[in-house]
Every structure is written in C-alpha cells, then in structure tokens.
Amino acid sequence: MFRKNMKKDPELFQNVSEGLRRLYRTKLFPLEDTYRFHDFHSPALEDADFDNKPMVLLVGQYSTGKTTFIRHLMEQDFPGMRIGPEPTTDSFIAVMHGDQEGVIPGNALVVDPKKPFRKLNAFGNAFLNRFMCAQMPNPVLESISIIDTPGILSGEKQRISRGYDFAAVLEWFAERVDRIILLFDAHKLDISDEFSEVIRALKNHEDKMRVVLNKADQISTQQLMRVYGALMWSLGKIINTPEVVRVYIGSFWTQPLLVPDNRKLFEAEEQDLFLDIQSLPRNAALRKLNDLIKRARLAKVQAYIISSLKKDMPSVFGKESKKKELIANLGETYLRIEKEHQISPGDFPKLAKMQELLNGQDFSKFAALKPKLLEAVEDMLANDIARLMALVRQEEAAMPSQIVKGGAFEGTMSGPFGHGYGEGASEGIDEMEWVVGRDKPTYDEIFYTLSPINGKVSGAAAKKEMVKSKLPNTVLGKIWKLADVDKDGLLDDEEFALANHLIKVKLEGHELPSALPEHLVPPSKRGTVLED
C-alpha cells in the first residue's frame, strides 16, 4: 500500500541540484550498484558532482598553449604554472577559486568531500602525485573552474613514462566537465597515436568538444587556409562523425600579433569562443541533467547485459567454458537485447572494451533482472526529468545574468576595444557629426530623381531604388522600419539617406540593429524621437 502511494505522488524538488542528487540516490544508484556499473563504466556520483561549478578541460599536445590560454583568460598567473616550448606541465592542475592563493596536493584533494575529485583515488599514487589544485582569488574562477592537463607526447615515450592510464583519467574528467577544448598549434598539426587515442576516449562527449587552432597569427593567410583544411581532414578521420566540429582560429595570449592580416577574423573567433565559455554557468544545470540522462540510459543497457549473461550461465558445471563462450559471443547478446528492448545500437558500450572487462568478472555473482529497479529508472526518465526541465527554465529566468566575468572577458565587453565597436551600424558612435552625412550628397542625387512631393518620397518610389541592392524583402522591410523615423509611411531626404546607409551596412556583411541607435537618428528628428 505504501509503495503504491509513493509511486503516485510526484517528486517535489527545491532546486535542480537537489533534485538531481535525490533522483540519482533513490532511483539510478540502486540500478548501478546491482549491475556493477561502477566496475565497468564510471564511479558513483557524489554530492560535490551535483554542486560544483562548471569545469573546462584543456587537452592538447605539448607546447600548443594550454597553460598560456588559461593565463590569457584569467589575466593572472596561477600557482604551479609553468610555460615553455618543451613539455612543461607534467601534472593535472585543477585551477579553482579560493580566498587565498595556494596549492592542494592530489592525495589531500581526493579526500576533500567539498571537491568533486574523490573518485580519482582509484587511479592510484602514480596519478595523485601528478595531480594538484591551484586555488586563487580571481573573478573568472568565481563562475568556472579550469583543468590544465599534461601535454600529450608522441611515440613510445608517452606510453612508458606515465605510471597511470592517461586516456582513462581524461575520460573520467570528460564525463564531469561542461566544456572540452582541444588545442592545436598551427605549426604542429601531426596528431600522434596517443592524441588519437585520447580523442577517441572522448568520443561520447562530442557535444562538449570545441577545437582551438592556436598561434594562427604566426602564419600568412594562404598558409592558414591550408593548415585549417589539413586540421579538418585529420579530425574527420579520428572523430568520425558526419557533423563538422567547431574550430576557433586565433592567437590566445596577450602578445602583439606577428602577422596582423587576419586580425578581424581572430577577434571574431575569440569573441565567439568567449561567448561559448561565458554561457557555461547559465547552462550548467542543463548539462548535469543531460549527463544524468546519458548515464541512466547506459545503466539500463548494463542491467540488461549483466542479467542476460547471468541467465545464460549454467548453475553447476562448465561455468568457465560457458563464460568464455558468452564473452566471445557478446555481439550476439547485444543484438538480442537491442531487438527485445528496442534499444539504439549507440547506447551500448564498446564491444571490445566490455569483453576485456568481463574477463576479470565472476559471472556467478551477477544479479538476475529486477524489473522494479528498471521501472524506477524508467519513471525517472519519463516523469521526474520532465519536472526538472521545467525547474531548470525557472532557475534560468530567475538568474538571467549568469555569465563568466573578469579577466580577458572584461576587455571584450565594452569600450572602444569591445567586439564590433565602431563597425557596421556602430560606425560613428562617438563622433559629433552624423555619420550618414558623409555620403548624403550622393544619396540626395538619387533622392531627387524619385520626384519627391513636399520633400518626401512614397514607399513605392523608395522601393524601386532599394530593391536594386538585391537584398531580400525581409531585410529591406526591416531597413524601411528603421529609416522611417517619424513613422509617416514616407521618407524625407535624411531618412532616405539613412535607409541607403543601412543597406550599405548590410551589404558589407554586418548585422542590422534591432532598434535605431541614437547616433544614426537624423539630426532634424533627434528631439522628437527622444520625446517619443
């Protein structure tokens, strides 16, 4: 009776983090624990995983500018930072906010319940000696944390010199971070075997992945085109998806550009990347929700695989030979589960990896299928997640200004060095004279050929001239609305000049403003517009 009532009552959550935590503990964790999800895929989630700030993981071969990129974002050195052309960063460094500057070693870090790193303990001392947290007061770190990683080397050196599974550590971080940035050097595009292995380990997280082609100011435009093409070709072979991964081109440090030809491109790319990073706090709850759904789908598949293997095992004799047979024929088990339960092939774990992990398991200790555990997860996915989605939107509406602030982000927000300042519709923003006045004599000549009546031309007459720009009617309609300042359905000489100026702005590749900026309002209309 009690169980029936519990099932009918919807879960009530105070906030998204608390809701995710409760759903995981009460509905998903029991399924994971029963079917050994943590032995095969990922350690159990802890409270800190639901409460931590968004994290950005930087990955790349040595000397691609990972540490310099962090320094550029924060505009401040961080403890443990080393920069050089040789492989300098030999540790995983979690750069996080703290009231006082300092370093927490790996062994101390993994026992701190407030930090989301406790499960890294499983990678052993060899890794923990190469892991640290750099804490410091910095406005950027108030919103995000950044994970710096050792440069990926080429050849056998990488495989021999590390005493821990580098790709597995990166995969652990990839599951928990909000953004993965792969950095490439415009001079070193060769993707080593180890880097390929790392990118493949991140395969299930393409939605978090962004690529940065760094140091692009050191080559000419022609070379840059070739380098960009070569990078896309190389990535296409490794990532192996039909979609093209987003690549940001630039020079992410504070030094002068060596080849300034592509300055505008670099500025636009940097702005796009900064906006992407700045959006992370706002989308953090949605990302955690998305990751929990992914985890739940994999946990369901794990339950079906383990219970199926348990069912096929003999009760007394021939266990070892049957185990080998089941592992060898795991692909057939996958196909059977796929058909029986209508599961997408993409939801199954990698076959070779699963076979390898199963070799070390005792099949007789596997659990049989428990429908109630699966029903709880199905209920979570069908009902609870939908309620949490509504709560995510409410939280976003309540805190619309959740963006990363400080450091390099401040320099691109406002002032004359803000992105797009003084260009397009912003041209002439800080000038005393009306910027449209420069070309007004030319526009006046056209205006008077349209036979104005009482100093104004009709919409039909103006349209004949405006369509010569070959811009779509939707764009010309917007230009008309912006240029008809007094809203009388006619254009005088100043409004006609303004319309032509906005056409020029659009033809030069800039966006039109949603409302007419003050500096573009015709001089004779300024008083009336301000009063309106």
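Gln 218 counts as partly exposed, with a relative accessibility of 29%. Keep in mind that this is a predicted model. You'll find Gln 218 in the loop that runs between β7 (209–214) and α11 (221–239). Leaving aside residues up to four places away in sequence, Gln 218 touches His 187, Leu 258 and Val 259. Take His 187 from that set: 31 residues separate it from Gln 218 in sequence, while their C-alpha atoms sit 8.5 Å apart in space.

Now for a helix with a rather different setting. Helix α5 covers residues 66–74, and eight of its nine residues are buried, so the rest of the structure largely encloses it. The buried ones are Lys 66, Thr 67, Thr 68, Phe 69, Ile 70, His 72, Leu 73 and Met 74. Right after α5 comes Glu 75, which has a positive phi, near 55°.

Next, the largest pocket. It holds about 1700 Å³ of space, and its lining is made up of 47 residues. Those nearest the centre of the pocket are His 41, Glu 171, Glu 175, Asn 204 and Lys 353. What is the lining made of, in terms of nonpolar, polar and charged residues? The split is 19 nonpolar, seven polar and 21 charged. Several helices chip in with at least two lining residues each: α3 (37–40), α4 (47–51), α9 (166–176), α10 (193–201), α13 (280–312) and α16 (351–358). Of these, α13 gives the most, with eight residues.

On to the charged pairs. Side chains of opposite charge can pair when their charged atoms come close. Across the whole structure, a search turns up 39 salt bridges. Here are three of them, with the N to O distance for each.

| Salt bridge | Distance (N to O) |
|---|---|
| Lys 27 and Asp 384 | 2.5 Å |
| Asp 384 and Arg 387 | 2.7 Å |
| Asp 439 and Lys 504 | 3.3 Å |

Start with the salt bridge between Lys 27 and Asp 384. Lys 27 belongs to helix α2 (residues 16–34) and Asp 384 to helix α17 (residues 371–398), so this pair ties together parts that are 357 residues apart in sequence. Are these two partners buried or exposed? Lys 27 counts as buried because its relative accessibility is 12%, and Asp 384 is buried too, at 1%. The cut-off for buried is under 20%.

Asp 384 also forms a salt bridge with Arg 387. This one stays within helix α17: the two residues are three apart, about one turn of the helix. An α-helix has 3.6 residues a turn, so residues three or four places apart point the same way. Arg 387, at 32% relative accessibility, counts as partly exposed.

The third pair in the table is Asp 439 with Lys 504. Asp 439 lies in the loop between α18 (408–411) and α19 (440–449), and Lys 504 in helix α22 (residues 493–507), so the pair ties together parts that are 65 residues apart in sequence. Asp 439 counts as partly exposed, at 27% relative accessibility, and so does Lys 504, at 28%.

Which residues are joined into one network by salt bridges that share partners? Lys 27, Asp 379, Asp 384 and Arg 387 are.

Notes: Residues are numbered from 1 along each chain as its sequence is written. This is a predicted model: local features need pLDDT of at least 70, side-chain atom pairs count only at pLDDT 80 or more; totals for chains, interfaces and linings use all residues. Side-chain values use heavy atoms; hydrogens and water are left out. On a 1 Å grid over the protein atoms alone, a cavity is a set of points where a 1.4 Å probe fits but cannot get out, and a pocket is an open set with protein on both sides within 12 Å along at least five of seven lines; lining residues have an atom within 4 Å of a point. Grid points are joined across faces, edges and corners, and a volume is the space filled by probe spheres set on the points. Helices (H or I, at least four residues) and strands (E, at least two) are DSSP runs, numbered from the N terminus. Ala, Val, Leu, Ile, Met, Phe, Trp, Tyr, Cys and Pro count as nonpolar, Asp, Glu, Lys and Arg as charged, and the others, Gly among them, as polar. Buried means under 20% relative accessible area, exposed over 50%, partly exposed in between (1.4 Å probe, protein chains only). Contact means heavy atoms within 4.5 Å. A salt bridge is a side-chain nitrogen of Lys or Arg within 4 Å of a carboxyl oxygen of Asp or Glu.
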